[in-house]
Amino acid sequence: MEGKEEDVRLGANKYSERQPIGTAAQGSEDKDYKEPPPAPLFEPGELKSWSFYRAGIAEFMATFLFLYVTILTVMGYSGAASKCATVGIQGIAWSFGGMIFALVYCTAGISGGHINPAVTFGLFLARKLSLTRAVFYIIMQCLGAICGAGVVKGFQQGLYMGNGGGANVVAPGYTKGSGLGAEIIGTFVLVYTVFSATDAKRNARDSHVPILAPLPIGFAVFLVHLATIPITGTGINPARSLGAAIIYNREHAWSDHWIFWVGPFIGAALAAVYHQVVIRAIPFKTKS
């Protein structure tokens, strides 16, 4: 009986985990992954590499296709005489989430599949890429978004200009503070999912994780759109908001535009800090 009581008293602590969890895993001597070294702040050598420009082109093309398909979907919903005959808000959310899933899958091996300046900013803060590459990616993403929205307007100018052009604005009945909060939280969800889905430790221990990474990222985009389309039309992507605002170019599209840069960048920064400092505790890890 004494032995059984000892087992109960010690419980799970009597036997060590085969695979340590939490901070125990990070400090384990026999860890089965290698933490990537921090990217340098400036890396001029990248400018001489074709892979650097190829990655930028991939970001441009992915964001172009993203805006083209999603804005067309929004125009089809907004311009319909009967909303019952359209894909509805759920269909718009699936369009955004599905395109992110497909495009991240296609470009992850080339550029990392950011397709979003907020994602790029969050990864930069976590030292996953250099400032040189981050700035280049953001420029290419914004150019791709402008071109994608421009093609939609070229195909259906009357429909495009008559139905808001897919531009993000704070909906009537909501304050600018509400819109900003929605963008911060929505982007936090997205960028936190990106960090978790691409975590080096999880990739090393679960071989299926890198293959499935685009799925939770796309699903996070879908869920955030379901929640925030009624509030802001869902930005969480400054390039997407900028492209639609430039091509639509109406005063009300610009009056709230700062929200769709400030909100996503704050959300991305919070997600980077939360994942790197709280979840992974990287600043507190002992160096071997």
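Here is a quick tour of an all-helix chain, from its overall make-up down to a few individual residues. Keep in mind that this is a predicted model. The chain has 14 helices and zero strands, and 46% of its 288 residues are buried.

**Overall layout**

- Reading along the sequence, you get one α after another: α-α-α-α-α-α-α-α-α-α-α-α-α-α.
- If you take the contacts with a separation of 6 or more, 79% of them join residues 24 or more positions apart.
- One such distant pairing in sequence is Lys-34 and Ala-200: they sit 166 residues apart along the chain, yet their C-alpha atoms are separated by 7.4 Å.

**Nonpolar cores**

- The largest nonpolar core has 53 residues, and the members that touch the most others are Phe-66, Ile-100, Ile-115, Tyr-160, Leu-190 and Ile-217.
- Helix H6 (residues 131-155) is the top contributor to this core, giving nine residues.
- A separate core of five residues lies apart from that one, and its members include Val-170, Ile-184, Ile-259 and Phe-260.
- Phe-66, one of the best-connected members of the largest core, touches Phe-96, Met-99, Ile-100, Leu-103, Ile-115, Asn-237 and Arg-240 once residues up to four places away in sequence are set aside.

**H3 against H6**

- The axes of helix H3 (residues 50-78) and H6 come within 7 Å of each other, crossing at roughly 35°.
- The crossing of H3 and H6 is right-handed.
- Sort the residues of this H3–H6 contact by type and you get 21 nonpolar, six polar and two charged.

**H5, the enclosed helix**

- Helix H5 (residues 117-125) is largely enclosed by the rest of the structure, because seven of its nine residues are buried.
- Those buried residues of H5 are Pro-117, Ala-118, Val-119, Thr-120, Gly-122, Leu-123 and Phe-124.
- The cover over them includes H6, helix H8 (176-197), helix H12 (238-248) and H14.
- At the N-terminal end of H5, Asn-116 acts as a cap, with a side-chain oxygen 2.8 Å from the backbone nitrogen of Ala-118.
- Just past H5, Arg-127 adopts a positive phi of about 65°.

**H5 against H14**

- The axes of H5 and H14 come within 8 Å and cross at roughly 35°, again in a right-handed crossing.
- On the H5 side, the contact is made by Pro-117, Ala-118, Phe-121, Gly-122 and Leu-125, while H14 brings Pro-264, Phe-265, Ala-268, Ala-269 and Ala-272.
- By type, the residues of the H5–H14 contact come out as nine nonpolar, one polar and no charged.

**Two loop residues worth a look**

- Asp-256 is in the loop between helix H13 (251-255) and helix H14 (259-279).
- Asp-256 counts as buried because its relative accessibility is 7%, which falls under the 20% cut-off.
- The side chain of Asp-256 reaches the backbone nitrogen of Val-170 at 3.1 Å, and Val-170 is itself a member of the five-residue core.
- Beyond its neighbours within four places in sequence, Asp-256 contacts Val-169, Val-170 and Lys-176.
- Lys-34, in the loop between helix H2 (22-27) and H3, is exposed, with a relative accessible area of 73%.

Notes:
Residues are numbered from 1 along each chain as its sequence is written. This is a predicted model: local features need pLDDT of at least 70, side-chain atom pairs count only at pLDDT 80 or more; totals for chains, interfaces and linings use all residues. Side-chain values use heavy atoms; hydrogens and water are left out. Helices (H or I, at least four residues) and strands (E, at least two) are DSSP runs, numbered from the N terminus. Buried means under 20% relative accessible area, exposed over 50%, partly exposed in between (1.4 Å probe, protein chains only). A polar contact is a pair of N or O atoms within 3.5 Å; within protein, one must be able to donate a hydrogen and the other to accept it, and residues adjacent in sequence count only if both atoms are side-chain atoms. Contact means heavy atoms within 4.5 Å. A nonpolar core is a set of buried Ala, Val, Leu, Ile, Met, Phe, Trp, Tyr and Cys residues joined through side-chain atoms within 4.5 Å. Axes are lines fitted to C-alpha atoms, for helices over the stretch in contact, and angles run from 0 to 180 degrees between N-to-C directions. A crossing is left-handed if the near helix is turned anticlockwise from the far one by less than a right angle, and right-handed if clockwise. Ala, Val, Leu, Ile, Met, Phe, Trp, Tyr, Cys and Pro count as nonpolar, Asp, Glu, Lys and Arg as charged, and the others, Gly among them, as polar.
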